[in-house]
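Colleague: I would like to learn how to read a model like this one. Please take me through it one feature at a time.

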Amino acid sequence: YDTSAITADSFYLGDGTNIILNYVHERLFAIFISMFIILIGVALIIIDFVTQNKIIQTGHALLYLGIDALLTGMWSFSETNTLQLFVSDQRILQLINNALMVAGTIPLLLYMDYLYNVFQEKFTRFFCMFYVTYIWICLLSQFIGIFDMHDLLIVSELSLLIGFVVFWIWIIYLYIVLKRKCEDTTPVVLQMIGLGALFTTTLLSLSTLITGDTADRAKFVRVGMLFFIIFLAISSQIQTN
């Protein structure tokens with residue numbers, strides 16, 4: 001890309017197999033976290049369908065949380081750059097990576113809707129409609145050749161930040177209401193912890209993107225996302241029970 005400086009920040013000399021093993025070994029922790037997030041996402045999707053029945057309608061909060069985890073885990077694994085060692089044309093990997101970033105915010109909004117029925121608010125409904133339009137613009141621009149998805153990612157990043165702010169406001173409001181009613185605030189506190197971890201790591205990642213290109217944009221986010229998914233999944237199960 002025109003805005004990216006092409007640099008070689010590391011060099012390897014030796015047997016091809018050993019180079020690959022050393023490269024993967026250096027990123028083993030990131031790969032493990034990414035695969036673990038993907039497994040959690042698949043597990044949450046399965047649990048959602050297993051627990052659904054005609055007598056008790058629990059909604060699909062876990063389904064959308066699982067989809068969010070699945071997309072984030074796939075993006076996080078892609079950011080480790082290990083797949084580039086086995087694919088001859090890396091442009092398809094970059095396209096998939098950008099598409100995952102573009103689509104990543106919608107499941108979080110749907111999770112909020114099913115858990116708290118937030119979409120009754122006009123702002124959140126408008127935000128969701130805006131984001132669907134943004135996805136279509138990204139897809140059409142990419143395949144027609146007007147813009148590259150890479151050039152439009154700033155909208156996705158800002159939308160995710162706005163989604164976090166809306167989520168924060170909502171759970172703080174719920175915490176105050178539950179506290180006044182002397183009801184159990186454990187699920188909301190768990191959500192605050194998970195959201196705080198993800199919010200902090202997202203800000204760190206955004207700061208690295210603004211200051212310059214980095215080989216692994218998910219370096220901080222994958223850890224925050226792991227805590228986010230675990231704490232929100234536990235919270236959802238407590239509320240369902």
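**Reading the model**

Modeller: Start with one residue: Ile-144 is exposed, at a relative accessible area of 61%. Here buried means under 20% relative accessible area, exposed over 50%, and partly exposed in between (1.4 Å probe, protein chains only). This is a predicted model, in which local features need pLDDT of at least 70 and side-chain atom pairs count only at pLDDT 80 or more, while totals for chains, interfaces and linings use all residues. Residues are numbered from 1 along each chain as its sequence is written, and side-chain values use heavy atoms, with hydrogens and water left out.

Colleague: Which helix holds Ile-144, and which residues form a nonpolar patch with it?

Modeller: Ile-144 belongs to helix H6, residues 122-144. Helices (H or I, at least four residues) and strands (E, at least two) are DSSP runs, numbered from the N terminus. The surface patch consists of Val-132, Trp-136, Leu-139, Leu-140, Phe-143, Ile-144, Ile-146 and Phe-147, which together have about 860 Å² of accessible area. A patch takes residues with over 30% relative accessible area and no salt bridge, joining like charges within 9 Å and nonpolar side chains (Val, Leu, Ile, Met, Phe, Trp, Tyr) within 5 Å. Areas come from the Shrake-Rupley method with a 1.4 Å probe, and for residues only the protein chains shown count as cover.

Colleague: How many helices and strands does the protein chain have?

Modeller: The protein chain has 9 helices and 0 strands. Of its 241 residues, 42% count as buried. The chain exposes about 13900 Å², and carbon and sulfur atoms supply 69% of that area.

Colleague: What is the pLDDT of the protein chain on average?

Modeller: pLDDT is the predictor's confidence in each residue, from 0 to 100. The average for the protein chain is 80, and 85% of the residues score at least 70. Among its elements, helix H2 (residues 28-51) has the highest mean, 89, and helix H5 (residues 106-116) the lowest, 78.

Colleague: Is H3 mostly covered or mostly open?

Modeller: H3 is mostly covered, with 16 of its 19 residues buried. The helix runs over residues 61-79 and reaches 27 Å from its first C-alpha to its last, close to the 27 Å expected at 1.5 Å a residue. The expected span is 1.5 Å times one less than the number of residues.

Colleague: What is the phi of Asn-81, just after H3?

Modeller: Most residues other than glycine have a negative phi. Asn-81 has a positive phi of about 65 degrees although it is not a glycine. Asn-81 sits in the loop between H3 and helix H4 (91-103) and is buried, with a relative accessible area of 16%. Cys-182 also has a positive phi, near 60 degrees. Cys-182 lies in the loop between helix H7 (153-180) and helix H8 (186-211), and at 73% relative accessibility Cys-182 counts as exposed.

Colleague: How many salt bridges does the structure hold?

Modeller: A salt bridge is a side-chain nitrogen of Lys or Arg within 4 Å of a carboxyl oxygen of Asp or Glu. The structure holds 2. One joins Arg-27 and Glu-26 at 3.2 Å, N to O, and Arg-27 is partly exposed at 24% relative accessibility. Another joins Asp-89 and Arg-91 at 2.9 Å, N to O. In that pair Asp-89 is partly exposed, at 32%, whereas Arg-91 is exposed, at 64%.
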